[in-house]
Amino acid sequence: MKFCAVKQYFDDENNNNITSGASTTMIPLPNVESHPLAILITYCKKHLKIKANNADNKKETEKEMEQYEQELLKKVMPQELTELILAANYLNFKEALDFFCRAVASAIQNKSIEFVRKFFGLESDFELGEEEKLREEFAWSFEGVDED
Amino acid sequence: MDKTVLPIMDKTVLPSDKSIEDRISQLPDEMLISVLSFLMPKEAFRTSVLSHRWKCLCPFLPRSLDFDGLYTMWEIEREKKSLQFERKKFLQWVNDTLKSCRVSTIDEFRVCFELDDGSKSHVDGWIDFAISKGVKRLELDFTARSPFKDASNFYRFPNESFTSDKTCIKSLTSLTLKYIRVTGELLEHFLSNCPLLERLHVDNSEDLVNLKIYGSSLKLKYLHIIRCLEFKSIEINAPNLESFGYVGNEIRLHVHSAPRLLDVRIGGMYSHPIYYAFGSLSSYLYQLESLTLDVHSYTYNGVEFPEFQTLTKLKHLKVTVATNEGSSLLGLIPLIEAAPFLHKFVFELILSKINFPKKARKVKKYPNEHLKEVEIVGFAGRAIDIQLVVYLLESAINLEKIIVNPYAPYIVGIPRPENVRTTVKFEGAREAAKRLKEKQLTRAEFVIM
């Protein structure tokens, strides 16, 4: 089920007996920006299309979907990924959420902490010396890292 | 542990000018942990240095050391690599990682590679390490993929270190040993000294002969003994046992007490019978919710099930049948009908192409109101399985989903690297499945893999 939050909205509407009028209904999505929403809608449509094309061959569906996902990642700015995760989470769109989480994981894989901080826009809130101690405790996990 | 393939990110470029707004902190903890779960544990722990919030996520990350050599083993099988060479690399990798690991406790320790007694000193050290870190789930999978492996050469689980009292073993909840020589006495020792042990799985140990499971406070929930060729007898007194599995030759099976038994797996080898098990389990059949059977039947008579007492609670049934094209699978029907509330039926077919002359069979059709899901693995598109599928489609009037998978069960069942090309074993299987789908014998969703 894609876009569960939207479906919920429709279900609620029916329960309240609001006449929806024609086929266009305005659904308020205050927490989602238009750009990530557009990407998610395209992703969803593509997913359904690939699934329909390959109804008799699930493996083909998976392969094609992977190819599409690779293409999509080339066009999306890494920094937009956070927005996409937030949007997919709000809309309750599980497949897209999993995909974008994996993409973020891939982006920070093997990168130094400084890089990850800049990537997420995070500020360190550790006191002097605290960070040093932590780095020592987790020294074993710092091997084999890309330096900026 | 799942080895999820991460999507490839082209060179990640940072914005050169002003800093980005910190949006990631708006994500709830579960979402951050979800992102981290796709990274190797080593990488995930690194993020604890980012800020206080990330550090607090640390205790929620799974502390597991998983040395999975499955992909390498597959390449060795394909003769792209040499076992000797890769084994040395593997041992080096594990030893180096353990040396630099300074975590104080670990939850899971898993090794999956073909190792034998030649690596004993290394593996003994790993086991000591895991126990000293209070490991909860220990899995050693040394499955031998090279042919003609001499079972007496398998790694011998260290008896000596466990007869003395080791306090940290109190943490063990799950123990899985495959292609490792371990005796019944040692397993019984674990059962008495690990008060939290819930799961025990032993595969291919020729030193396992007898086993006595008993203890009023025994927490054991899962016990599976697979293909231990010298195994002769087992006695079970397990107040919490929920899942019991045995695959092998006929044994003396005494189930004195297993009041919580829900799931049973019984498999034979080389046409050995499995029905003796139903005698031993007769007092528990009525309470089972799931049943898995491995039937090898290369004889003329094909697959036949005797009269069955009613499996009143059975919801899931999985039957793997290895047989030839001449036999009939309609012999499974009494089994299906003995389960009036069956929800899901999975059928795996391992078909050999030997042809015995076919036996005609008439079968009365009873409507089955509860069966919701059917899955067929190893679909060959021959008379033998089409007959069974048609029977199921016509009798299961409330069927919601049928999945037909033309790939052989051994391909589907064994984890393989994603990019391996696999072919369907029987030509025309997928086309036959499509034709069946077109006949529209059912309103259910018809999925062809």
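Me: Why are α5(A) and α1(B) called oblique to each other?
Reply: In this predicted model, the axes of helix α5 (residues 94-108) of chain A and helix α1 (residues 29-37) of chain B cross at roughly 60 degrees. Roughly parallel needs an angle under 35 degrees, and roughly perpendicular runs from 65 to 115. The crossing falls in neither class, so the pair counts as oblique.

Me: How do you know that the axes of α5(A) and α1(B) come together, and what is the hand of their crossing?
Reply: The two axes come within 8 Å, and the crossing is right-handed.

Me: Which residues meet there?
Reply: From α5(A) you get Leu97(A), Cys101(A), Val104(A) and Ala105(A), and they meet Met31(B), Ser34(B) and Val35(B) of α1(B). That set splits into six nonpolar, one polar and no charged.

Me: What makes Ser34(B) polar in that tally?
Reply: Ser is on neither the nonpolar list nor the charged one, so Ser34(B) goes with the polar residues.

Me: How do you know what span to expect for helix α11 (residues 383-395) of chain B?
Reply: Take 1.5 Å times one less than the number of residues. With 13 residues, that gives the expected 18 Å, and α11(B) reaches 18 Å from its first C-alpha to its last.

Me: What makes a residue of α11(B) buried, and which ones are?
Reply: The cut-off is under 20% relative accessible area. Ile384(B), Asp385(B), Leu388(B), Val389(B), Tyr391(B), Leu392(B), Leu393(B) and Ser395(B) are buried. Over the 449 residues of chain B, buried ones make up 52%.

Technical notes:
Residues are numbered from 1 along each chain as its sequence is written. Chains are lettered from A and ligands numbered from 1 in the order in which they are written. This is a predicted model: local features need pLDDT of at least 70, side-chain atom pairs count only at pLDDT 80 or more; totals for chains, interfaces and linings use all residues. Side-chain values use heavy atoms; hydrogens and water are left out. Axes are lines fitted to C-alpha atoms, for helices over the stretch in contact, and angles run from 0 to 180 degrees between N-to-C directions. Helices (H or I, at least four residues) and strands (E, at least two) are DSSP runs, numbered from the N terminus. Angles under 35 degrees count as roughly parallel, over 145 as roughly antiparallel, 65 to 115 as roughly perpendicular and the rest as oblique. A crossing is left-handed if the near helix is turned anticlockwise from the far one by less than a right angle, and right-handed if clockwise. Contact means heavy atoms within 4.5 Å. Buried means under 20% relative accessible area, exposed over 50%, partly exposed in between (1.4 Å probe, protein chains only).
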